Structure formats: structure tokens, C-alpha cells
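Here's a quick tour of one fold, with a pocket, a sheet and a helix as the stops. Have a look at the model first.

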Amino acid sequence: MNESSAVGSNWAGNYAYGATALHEPADVEELRRIVASAGDRSGRLRVLGSRHSFSDIADSAELISVRRWPIDLIVAADRQTVSFNAGASYGHVADALKVHGLAIHNLASLPHISVGGAVATATHGSGDGNGNLAAAVAALEFVTSTGDLVTVARGDDDFDGMVVGLGALGAVTRISLDVQPAFDVSQTVYQSLSWDALIDDFDAVSAAGYSVSIFTTWGLDAGDLWVKSRCDPEQEFLSDSPAELFGAPAASGDCHPIPGESAETCTAQQGEIGAWSDRLAHFRMGFVPSSGNEIQSEFLVPRRHAIAAIQAMRALAATIEPHLLIAEIRTIAADSLWMSPQFETDSIGFHFTWKPDAIAVLRVLRDVEAALRPFGARPHWGKVSLADAAEIRTLYPRHGEFVKLAQRLDPHGVFTNAWLQRCVLG
């Protein structure tokens, strides 16, 4: 157990953890003892992932980390799922899957993030047919506040309420994910996509590849179109990397999402074919991703409102741009997970990477959230927003059931923290 000085801050440096202790149990049995005895100490615990959240979502009186546990990846006999320790990063899981010729359906922008943390917050990549990362969860193992070890699988009662658990239900120790045969991907960036091209045929633009992102500053044009295409012959998307797409020319060199930043940290582009694990993320392992010194927000809007929501953000360009490093527009498929922002809703995501001025960001978020509120925008759980529990409960049809589930699994509130109380439980 380390003192609070060892807990430090999140990866971007915009939040300093207030925890007085960090526990790093050697195994599940030690973790169970730590959790079961929490009432004898502070009475409050949270699990700390890879520190890629931008708020106090993972903070508490005491923190637990299982990041140092070995991956211990096990492939199911039917090769349809794999299980491993929840503290592993997606990058390390991808490396382990290569040996078996297997793949996960998608990755987020950053392969650095822990699987447990990404699942708990419904973190996602892009693609019309791709659910968020939590949608691939087939089973979970976790320690409840009493120290009991519980395993649940898809089809079990309340499973859909447990996957995107927001850290409220217990300490997740092991995760099972759906997998598929490994596949190759190519990535091409097209520059200066016009707003007319995007708005007139948004469905065609978002369907241009297996995973599609638009990086924009909300300026005169829509920005850069990043297209990731599956290359295996049996898939719909074949890599041909045309020289122009929707009137936007292919970039002559590798690009970074943030204008002016070195593309050294980014995954290979210009149509070069490579493994799924080396293309689906925007950034490479081994580097500080994005700009590092930043604040992030994201809002998920039902896809049926895509054009109206884009126009609403364009109308705020003069307010947003002075505080913005880059914004990203992407699509995510619906799922059945109670607290997923994509619950029963195909969605469009509006991601904002802000300059590291917390006061200015909170000010501009008032305008952004007000503009997106009529479209039922749901904030990303791991990023900065102003929404409180009163607003959140109106956005999630199963919210009340999730609150009851948290109360049942954690009756003494061991895993409750200030963020959970403020933003979810009320």
C-alpha cells in the first residue's frame, strides 16, 4: 500500500487523485481481503484503471489497482471467446491474441487503456456496424463489497446491467470477450472534406469503411476523413485506397488528428495494409497518445439526429474553436447494455479534445451541452461533462434498475464515490 503521493494524477494531468492509499494486491484472494475489510478502514474503495479518465470517476478514499497482474489469456475451446485479467490494456491483449490468430471486433483511439476501465465506461471506437467495446463482453468476474467472488455471463439475470458498471458494483477481476479470426486493415486519410459532402450524404461517408472518423475544428470545411477498411476478401470493405473520396484528396503523408502534431505517434496510413491491432486505434503503443496535455469531453446522440446535431455544433464554432485542439465525429452501433450511451440506439459521437484550461472548458461545455440536449445527448462516462444524476436518469430507461442493482450488490456503498453520487445515483 502506497501513500497518496504515489497515487498522483490522471494521464493528462488535469485531475489529481485525492485517495490516501493505493492497494496493489498480488492476486484475487488478497483483493477479496482488501475489499472485505474496507469497512475497518475508510469504508470507500474504487478500482483505478489506466488513468485515462478526465474526472473523479475513479477516485475514492482508497484505490485498488490490478494493472500489474499477468494477462493470463485463455482461449475458449470453440475459439469464440477469450478471458484474461481485467487490468490488461487492449494493446497487450492484442499482442497476446496474435499468437492465436484472433482479433477483437474494434479498438478505441488509444490501445493504452485498460479493458476493465474501458468496459465499465462504455468506451468505443467507430463504425456503423461496430458496438462499443463493452458490447463484446461475454462474461465478467468481480469481487463484491462483501469480498465474494461473482461470475456472470451473457444471458444471466441482470448481466446487461452489470457490464457497463461504472465501478459501482464491485472490483472486476476477469473479463471474457467475443473474438473472431484475425483480419487486416488499411487506413487512409482524406483531407479537407467539405461540409456539403458530409451533410448531403452522411450515411455514405460513415459507411465508407469498417471504421470512419471525421476530425474537425468546426471551421470552413469538415476536416480530415479517416477511413479504416477491412482487407480480407470475404468482407464488404476491401482496401483500394482511392486517390479521392467525396471530393476530398488522399493525404500525401501520414497525419495526426491534431493539426501541427507529429504523426510519429499515429498508426500507419496511406493505404498500407497491416494487422487489425496496428490500424484500428488512431495511436500506437509506446507513445504518449493525442497531445497528452488536454481535457476531453464526448456526447453521444441518436443517429437519427446526426445532421441536426452537426449543424448545432457548427453554429457554435466561434465559441468552441478558441478552446479546441480537435473534435472527432464517429458512429457507434446500438447495444442492450443498460448504462451504455448506445443503449438500444445507433449513435453519433461528438468528441472534443480541449486545451488544458479547465475553467474555460466548463464554460464552453454549458453551450455545447445546451445545444445537444434537445437531441437526447448522453455524455461519455469517462470524460468531462456537466450532467448530473437528475439529467442522467431521464436519458437511460433502465437507470432505476441499475440503481437498485448497485444497492443490492453494494448495500453499504463501499464502491460509491462523489462522482457516482453526483452523476448517477443522486
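For sorting residues, Ala, Val, Leu, Ile, Met, Phe, Trp, Tyr, Cys and Pro count as nonpolar, Asp, Glu, Lys and Arg as charged, and the others, Gly among them, as polar. This is a predicted model, where local features need pLDDT of at least 70 and side-chain atom pairs 80 or more, while totals for chains, interfaces and linings use all residues. Numbering runs from 1 along each chain as its sequence is written, and side-chain values use heavy atoms, without hydrogens or water.

The largest pocket (an open set of points on a 1 Å grid where a 1.4 Å probe fits, with protein on both sides within 12 Å along at least five of seven lines; lining residues have an atom within 4 Å of a point) holds about 270 Å³ of space. Of its 20 lining residues, Phe 54, Ser 55, Lys 383, Val 384 and Ser 385 are the closest to the centre. Here's the lining by class:

| Class | Lining residues |
|---|---|
| nonpolar | 13 residues |
| polar | four residues |
| charged | three residues |

Now the sheet: five strands (DSSP E runs of at least two residues) form an open sheet in the order 5-6-10-8-9, with antiparallel pairing (a pair needs at least two DSSP bridges). Strand 5 (74-75) and strand 9 (149-153) each have a single partner strand, so one side of each lacks a neighbour in the sheet. Strand 6 (residues 81-85) and strand 10 (residues 171-178) share five bridges, and Thr 81 has Asp 178 as its bridge partner in strand 10.

How values were computed: Grid points are joined across faces, edges and corners, and a volume is the space filled by probe spheres set on the points. Helices (H or I, at least four residues) and strands (E, at least two) are DSSP runs, numbered from the N terminus.
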